[in-house]
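Let us walk through this structure together, beginning with a single helix and working outward to the core, the cysteines and the charged pairs. Keep the view open as you read.

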Amino acid sequence: METFQIWLDEQAACLREESKKLTADDRRDEGNLVKIRANVYEICKSVLQVLDRGKAKAKLTELHDTWSKSLEMARGHDDVRQTVIEEIKMETLAEILSKLEEE
């Protein structure tokens, strides 16, 4: 599990750096979207630090369900901005869960 947390840290750090570069290049919107991805990595790391593996996976699945509902609400309200944010969160979480399964 420690290796997985290191991976989460590395991914978040790389994304934070990418976000800073995009913002510095006057690409603030793109930088903010990358920052959202970094936040998801950090959320997952926090969950894994507090809970054991089985409970952490259940909590991450719960997050997936919550974000899925938020995505559907955003789509239902034709809120393009929030739809993009929720899609990024869900894609990032799916990537993390896939990696967790490999561990």
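The expected span of a helix is 1.5 Å times one less than its number of residues. With that in hand, turn to H3 in this predicted model. H3 has 24 residues, and the distance from its first C-alpha to its last is 34 Å, close to the 34 Å expected at 1.5 Å a residue.

Now have a look at the two ends of H3. At its start, a side-chain oxygen of Asp52 comes to within 3.1 Å of the backbone nitrogen of Gly54. At the other end, just after H3, you will find Asp78 with a positive phi of about 55°.

Which residues of H3 are buried? They are Ala56, Leu60, Leu63, Trp67, Leu71 and Ala74. An α-helix has 3.6 residues a turn, so residues three or four places apart point the same way. The cover over the buried residues of H3 includes H2 and H4.

From here we can step into the interior. The largest nonpolar core has 22 residues, and those with the most contacts inside it are Phe4, Leu8, Tyr41, Leu60, Leu93 and Ile96. Helix H1 (2-24), helix H2 (28-50), helix H3 (53-76) and helix H4 (80-102) are the elements that each give two or more residues to this core. H2 gives the most, with seven residues. In soluble globular proteins, nonpolar side chains tend to be buried together. Leu60 appears in both parts of our tour so far: it is one of the buried residues of H3 and is also among the residues with the most contacts inside the core.

Tyr41 is a good place to pause. Leaving aside residues up to four places away in sequence, Tyr41 touches Trp7, Leu8, Gln11, Ala12, Leu15, Thr92, Glu95 and Ile96. Two of these names, Leu8 and Ile96, will be familiar from the list of core residues with the most contacts.

Glu95, another neighbor of Tyr41, is found in helix H4. Is Glu95 buried, partly exposed or exposed? Its relative accessibility is 33%, so Glu95 counts as partly exposed. With residues up to four places away in sequence again set aside, Glu95 touches Trp7, Arg37 and Tyr41. Trp7 is thus listed as a contact of Glu95 and as a contact of Tyr41. For a sense of distance, Glu95 and Asp29 lie 66 residues apart in sequence and 22 Å apart in space, C-alpha to C-alpha.

Next, the cysteines. How many disulfides does the structure hold? The count is zero. A disulfide is a covalent bond between the sulfur atoms of two cysteines. The cysteine sulfur closest to that of Cys14 belongs to Cys44 and is 16 Å away, so the two are too far apart for a bond. The surroundings of these two residues also deserve a look: Cys14 counts as exposed, at 55% relative accessibility, whereas Cys44 is buried, with a relative accessible area of 0%.

The last stop is the charged side chains. Side chains of opposite charge can pair when their charged atoms come close. The count here comes to nine salt bridges, and three of them make a good selection to visit.

Start with Lys45 and Asp9, whose closest N and O atoms are 2.9 Å apart. This pair links distant parts of the chain, with Lys45 in helix H2 and Asp9 in helix H1, 36 residues apart. Lys45 is partly exposed at 21% relative accessibility, and Asp9 is partly exposed at 35%.

A pair within one helix comes next. Glu62 forms a salt bridge with Lys59, the closest N and O atoms being 3.2 Å apart. Both belong to helix H3, and because they are three residues apart, about one helical turn separates them. Glu62 is partly exposed, with a relative accessible area of 43%, and Lys59 is partly exposed at 33%.

Finally, Arg75 pairs with Glu87, their closest N and O atoms being 2.9 Å apart. Here too distant parts of the chain are linked: Arg75 sits in helix H3 and Glu87 in helix H4, 12 residues apart. Arg75 is partly exposed at 39%, and Glu87 is partly exposed at 27%. The two also belong to a network of salt bridges that links Glu72, Arg75 and Glu87.

Notes: Residues are numbered from 1 along each chain as its sequence is written. This is a predicted model: local features need pLDDT of at least 70, side-chain atom pairs count only at pLDDT 80 or more; totals for chains, interfaces and linings use all residues. Side-chain values use heavy atoms; hydrogens and water are left out. A nonpolar core is a set of buried Ala, Val, Leu, Ile, Met, Phe, Trp, Tyr and Cys residues joined through side-chain atoms within 4.5 Å. Buried means under 20% relative accessible area, exposed over 50%, partly exposed in between (1.4 Å probe, protein chains only). Helices (H or I, at least four residues) and strands (E, at least two) are DSSP runs, numbered from the N terminus. Contact means heavy atoms within 4.5 Å. A polar contact is a pair of N or O atoms within 3.5 Å; within protein, one must be able to donate a hydrogen and the other to accept it, and residues adjacent in sequence count only if both atoms are side-chain atoms. A disulfide is a pair of cysteine sulfur atoms within 2.5 Å. A salt bridge is a side-chain nitrogen of Lys or Arg within 4 Å of a carboxyl oxygen of Asp or Glu.
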